[in-house]
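Trainee: Could you take a close look at how the helices pack in this structure, beginning with a single pair and working outwards from there? I would like one connected account that I can follow with the model open beside me.

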Amino acid sequence: MTKQHTILYLDGVSVAFDGFKAISNLSLTLGRNEMRAIIGPNGAGKTTMMDIITGKTRPDIGDVYFDGVHDLTRLDEADIANLGVGRKFQKPTVFEMHTVEDNIALSLKSPRGVFAALFDLRSAEAQGRIDDILEMVRLSARRGEKAANLSHGQKQWLEIGMLLAQDPKLLLVDEPVAGMTDAETEETGRLLKKIAQTHSVIVVEHDMHFVRELDVKVTCLHEGSVLSEGSLDFVSSDERVIEVYLGR
Amino acid sequence: MIAARLLKNGIDRRIAATIALLVGAAVLVPVLHLAVPESSPFHIPAHAVVLFGKYLCYALLALALDLVWGYCGILSLGHGAFFALGGYAMGMYLMRQIGDRGVYANPVLPDFMVFLNWKELPWFWHGFDQFWFAAAAIVLVPGALAFGFGWLAFRSRVTGVYLSIITQALTYALLLAFFRNDMGFGGNNGLTDFKDILGFPVQAPATRAALFAATALALAAFIAVTAMVVGSKLGKLMVAVRDAESRTRFVGWRPEHIKLFAFTLSAVMAGIAGALYVPQVGIINPSEFAPANSIEVVIWVAIGGRGTILGPILGAMLVNWTKSWFTAALPDFWLFALGALFVAVTLFLPKGVIGMWDQWRAARRSRVDGVVPAIGTQPRQSLGTEAAE
């Protein structure tokens, strides 16, 4: 895939922390409206990769391009978020003291200046967007409640809703079903598939059943680089993957 | 139009009542002080006017700190610096008004400069003979310092205790600087012996009453401003930054800009509080920069209830009223009492006096309705430090 046709393009990326190579010579591309599952044992560099894409960590060397043209290694978190990259953290992180509706309203795509926020009065159009997103993540009924009162699974959905409110092109979703009940997991799978129809999505996940349910191309990371890539069946029958997961 | 709708968002009935109360006091206290004869039980004596004027200045300072700490999670341990700078700006104006009525009768130089054998006015004292110039300095000096300091600190993502420590260092550095005679601010004696303000004698009953009224109105106005800010989307973002800074950043906001706005506005409020304080107490000296002063403000806010508009005002009044009583009755025990109060509030009233009052009312209402209040998850309110994700 050439760089121009990708939503995300990583080439030869390396980063080391105090001599420890968290990412080493990682290359990965993601097409527009593609959903990709990333698996890998602990310490494989999954979260560090997310940090690099979202501008939290600068790579030592390598290219990171978004949408074929934006060099992400030169931008900070807020710039990258406003270009259209949404990130869900591993531990659900929402604004606990605000209502569910306000959580979405604060994330909604809008001018990000201080004075724009000070004099902002919610338009009918914005309200419509908020209603749609609440509907999509199935939280309409709890819109007036403080986010702190939501269950763990509902917080995960709310956070996904906050990403959608940003109107991103690419969503990075870190372990969306950790700690969820089976019913919630199933619901999350449906939600992500629906989102993937119109967005590019990267899902980092440990739950292999869930990955199978997503039914998308899988990339297995190990020691900071790509170990294997392909369908889940292909990857899980790869000798090197089995070795890494089961130990020598 | 926009301002009106923003006001409606921010101001609830209790805040409106407080504003009305302050406006009422601004009218009533001068009348009861000036027009009612001293023999009448309704007469308000001079010392009470000055004392409550002082409390209102403290309340404005506490409100300023609450804006950054309670709402935005920035625990500033140096807000006394902005208060003192506003006070010094006002003090410099008042010094220039003395003119040739000083001990050395120099028409231009304040007494302490004559005493130090200075021949001419330092450049930074020029303009302070004009009230408008001093008024601009009262707003701009604390505001500019907070802007510069905040720009550097927030951009470098200094947060939590580290930020608290450097704010403390800031006020301590200013304390040491203002103690030095050659800084040109009167050294450890500070500025005092004021005569006139805007042509009226500072000590006159009518001036005293007017200063009280001005303070009450300033507090009322800044309660409205603060309520408007925290009720706006920006105010909700401040709380978002307080509770989950990285989440705010990753949805595309710049927490450093949000913090910078809050910090600068807060410093301006603190400066105005200091400027109103100085003519009422008649002196400003470097001890106002003492780190302990700034920490005391934190205690007022914590006791009243941080993250609320009325909490810090109540806290400042309550603690200072108690302090006035204690320092008269049991002067040696005041600091112990203050410490005990702070510990007790931190342990038993995490939301301060206002929070306790709200809880008590909610409990009473639910008893009346026969509904048991939901014992839900009490959301964590961080003390200005964000847990790492």
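Mentor: In this predicted model, helix 3 of chain A and helix 6 of chain A, the latter made of residues 152-165, have axes that come within 7 Å and cross at roughly 30°. An angle under 35 degrees counts as roughly parallel, and the two helices are therefore roughly parallel to each other. As to hand, helix 3 of chain A passes helix 6 of chain A in a right-handed crossing. The residues that meet are A:Val100, A:Asn103, A:Ile104 and A:Ser107 on the side of helix 3 of chain A, and A:Leu158, A:Gly161, A:Met162 and A:Ala165 on the side of helix 6 of chain A. Sorted by class, this contact holds five nonpolar and three polar residues, with no charged ones.

Helix 3 of chain A also has a part in the contact between the chains, to which chain A gives 29 residues and chain B gives 26 residues. On the side of chain A that touches chain B, helix 2 (77-83), helix 3 (100-107) and helix 4 (114-118) of chain A each provide at least two residues. Helix 2 of chain A gives the most to that side, with four residues. By class, the side of chain A that touches chain B is made up of 14 nonpolar, seven polar and eight charged residues.

Ahead of helix 2 of chain A, in the loop that joins strand 5 (70-71) to that helix, sits A:Thr73. With 16 other C-beta atoms within 10 Å, A:Thr73 is partly exposed, and, once its neighbours within four places in sequence are set aside, A:Thr73 is in contact with A:Arg58, A:Pro59 and A:Val64. The C-alpha atom of A:Thr73 is 7.7 Å from that of A:Ile52, although 21 residues separate the two along the chain. The loop between strand 4 (61-66) and strand 5 of chain A holds A:Asp67, which has a phi near 60°, a positive value in a residue other than glycine. A:Asp67 is likewise partly exposed, with 19 other C-beta atoms within 10 Å; since 20 or more would make a residue buried, the count for A:Asp67 falls just on the partly exposed side.

Turning to chain B, helix 12 is a useful centre for the account. At 1.5 Å a residue, the 14 residues of helix 12 of chain B should span 20 Å, and the end C-alpha atoms lie 21 Å apart, which agrees. The buried residues of helix 12 of chain B are B:Ser294, B:Glu296, B:Val297, B:Val298, B:Trp300, B:Val301, B:Ala302, B:Ile303 and B:Gly304, and just after this helix B:Gly305 takes a positive phi of about 125°.

One partner of helix 12 of chain B (residues 291-304) is helix 14 of chain B (residues 334-348), and these two pack at an angle of about 45°, with their axes 9 Å apart. That angle makes helix 12 of chain B oblique to helix 14 of chain B, and the crossing is left-handed. From helix 12 of chain B the contact draws on B:Ile299, B:Ala302 and B:Ile303, while helix 14 of chain B brings B:Leu338, B:Leu341, B:Phe342, B:Val345 and B:Thr346. Seven of these residues are nonpolar, one is polar and none is charged.

Another partner of helix 12 of chain B is helix 3 of chain B (residues 46-71), where the axes come within 9 Å and cross at roughly 75°. That makes helix 3 of chain B roughly perpendicular to helix 12 of chain B. Here the contact is made by B:Tyr58, B:Leu61, B:Ala62, B:Leu65, B:Asp66, B:Trp69 and B:Gly70 of helix 3 of chain B, with B:Val297, B:Val298, B:Trp300, B:Val301 and B:Gly304 of helix 12 of chain B. By class there are nine nonpolar, two polar and one charged residues in this contact.

Helix 13 of chain B (residues 310-329) can be checked in a similar way: its 20 residues should span 28 Å at 1.5 Å a residue, and the end C-alpha atoms are 28 Å apart, which agrees. Its buried residues are B:Leu310, B:Gly311, B:Pro312, B:Ile313, B:Leu314, B:Gly315, B:Ala316, B:Val319 and B:Asn320.

How values were computed
Residues are numbered from 1 along each chain as its sequence is written. Chains are lettered from A and ligands numbered from 1 in the order in which they are written. This is a predicted model: local features need pLDDT of at least 70, side-chain atom pairs count only at pLDDT 80 or more; totals for chains, interfaces and linings use all residues. Two residues are in contact if their C-beta atoms, placed from the backbone, lie within 7 Å. Ala, Val, Leu, Ile, Met, Phe, Trp, Tyr, Cys and Pro count as nonpolar, Asp, Glu, Lys and Arg as charged, and the others, Gly among them, as polar. Axes are lines fitted to C-alpha atoms, for helices over the stretch in contact, and angles run from 0 to 180 degrees between N-to-C directions. Angles under 35 degrees count as roughly parallel, over 145 as roughly antiparallel, 65 to 115 as roughly perpendicular and the rest as oblique. A crossing is left-handed if the near helix is turned anticlockwise from the far one by less than a right angle, and right-handed if clockwise. The expected span of a helix is 1.5 Å times one less than its number of residues. A residue is buried if 20 or more other C-beta atoms lie within 10 Å of its own, exposed if 12 or fewer, and partly exposed in between; C-beta atoms are placed from the backbone.
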